[in-house]
Amino acid sequence: GASWVQVYGNTPRRLDGLAVGALPAALMRSPGYDRDRFLKVVEWVTTISAAALLFLVPRWFLAGESKVQLMPGLTLVALTAAGSIVLLLHSRTDHPARRFFESSWIRSVGKYSYAMYLLHVPIRDALKKQWFTDHLISRQSGWSLVGLQILFLIVGGIAVYVAAVLSWNLFERHWLKLKKHFPSGQAPKLAPQKGLPGLETG
């Protein structure tokens, strides 16, 4: 009796995203890693997937769950995200994009990311029910729909971030203090990879 959204959205059906994230990590640590060849492939894949996303996003984001969103859409998101991370890791340390993503504000998003992941769907649904209604969306087209999309992302992003910060300070960090009672030992060190700025662990 499960809907197709529930079937496709569960973890076994999202292995493409897990694989896309694991593949660069495995390749960049393999003995036969060819940096230049790999970067050329990543540049092409990232450019194509990002362009496809720019074309698709205005057509499905505000429309709720759809087959376009959950099938090619999320795979393209994974390809674009993984490719962007690889390119940033290989960029100069003073590159503007790298400095932006290494800034304290952006790094804080990683700190609160789990709560953001858990809370973004109910917050999204509440915003759509109260302000970004189906009636409002159906009256938009072209650039007005894109503008509404951008406004929705800004309002939703701020709401999710604030909720995640509250979750961290009121709930999560207090539970994390219990980690001292469950020591896990020292993590093994990875061998430093030549030519990968930012990945050296020694």
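## A tour by way of the aromatic rings

Searching the whole of this predicted model turns up eight aromatic pairs. Let's use some of those rings as signposts.

**Stop 1: Tyr33 and Phe38.** Select these two residues and show their side chains. Their rings make an edge-to-face pair, with 5.7 Å from centre to centre and 70° between the planes. Both Tyr33 and Phe38 are buried.

**Stop 2: Phe100 and Phe101.** Now move along to these sequence neighbours. How far apart are the ring centres of Phe100 and Phe101, and at what angle are their planes? The centres are 5.1 Å apart and the planes stand at 80°. An angle over 60 degrees counts as edge-to-face, so that is the label for the Phe100 and Phe101 pair. Are these two residues buried, exposed or partly exposed? Phe100 has a relative accessible area of 45%, and Phe101 has 45% as well. Since partly exposed covers the range between 20% and 50%, Phe100 and Phe101 are both partly exposed.

**Stop 3: the aromatic cluster.** Select Trp105, Tyr112, Tyr161 and Trp168, which together form one aromatic cluster. Then keep Tyr112 highlighted and look for its partners beyond four places in sequence: these are Tyr161, Ala164, Val165 and Trp168.

**Stop 4: the nonpolar cores.** Tyr112 also leads into the largest nonpolar core, a set of 13 residues. Along with Tyr112, the residues with the most contacts inside this core are Met116, Leu127, Phe132 and Ala164. Colour helix 7 (113-130) and helix 9 (142-176), each of which supplies at least two residues of the core. Which helix gives the most to this core? Helix 9 does, with six residues. For a second, separate core, go back to where the tour began: this one has six residues, including Tyr33, Phe38, Val42 and Val86.

**Stop 5: along helix 7.** Show helix 7 on its own and follow its 18 residues from end to end. From first C-alpha to last, helix 7 reaches 25 Å, close to the 26 Å expected at 1.5 Å a residue. Pause at Leu119, where helix 7 bends by about 45°. A proline, Pro122, follows within four residues of that bend. Next, select the buried residues of helix 7: Ala115, Met116, Ile123, Arg124, Leu127 and Lys128. Bring the surroundings back into view, and the cover over these buried residues includes helix 6 (104-111) and helix 9.

**Stop 6: Trp131.** Step off helix 7 into the loop that runs between helix 7 and helix 8 (134-138), and select Trp131 there. Is Trp131 buried or exposed? Its relative accessible area is 57%; exposed means over 50%, so Trp131 is exposed. Add Phe152 to the selection: Trp131 and Phe152 lie 21 residues apart in sequence, with 9.4 Å between their C-alpha atoms.

**Last stop: zoom out.** Show the whole chain as a cartoon. The protein chain has nine helices and zero strands, so to trace the elements from the N terminus on is to read α-α-α-α-α-α-α-α-α. Of the 202 residues in the chain, 27% are buried. Switch on a surface: the accessible surface comes to about 14200 Å², and carbon and sulfur atoms hold 67% of that area. Finally, consider the contacts with a separation of 6 or more: 72% of them join residues 24 or more positions apart.

Notes: Residues numbered from 1 in each chain as written. Heavy atoms only, no water. Core = buried A, V, L, I, M, F, W, Y, C linked by side-chain atoms within 4.5 Å. Buried < 20%, exposed > 50% of the residue type's maximum accessible area, 1.4 Å probe, protein only. Contact = heavy atoms within 4.5 Å. Areas by Shrake-Rupley, 256 points an atom, 1.4 Å probe, with all protein chains shown as cover. Phe/Tyr/Trp six-rings, centres within 6.5 Å; stacked < 30°, edge-to-face > 60°. Expected span 1.5 Å × (residues − 1). Bend = angle between axes of the 7 residues up to and from the residue.
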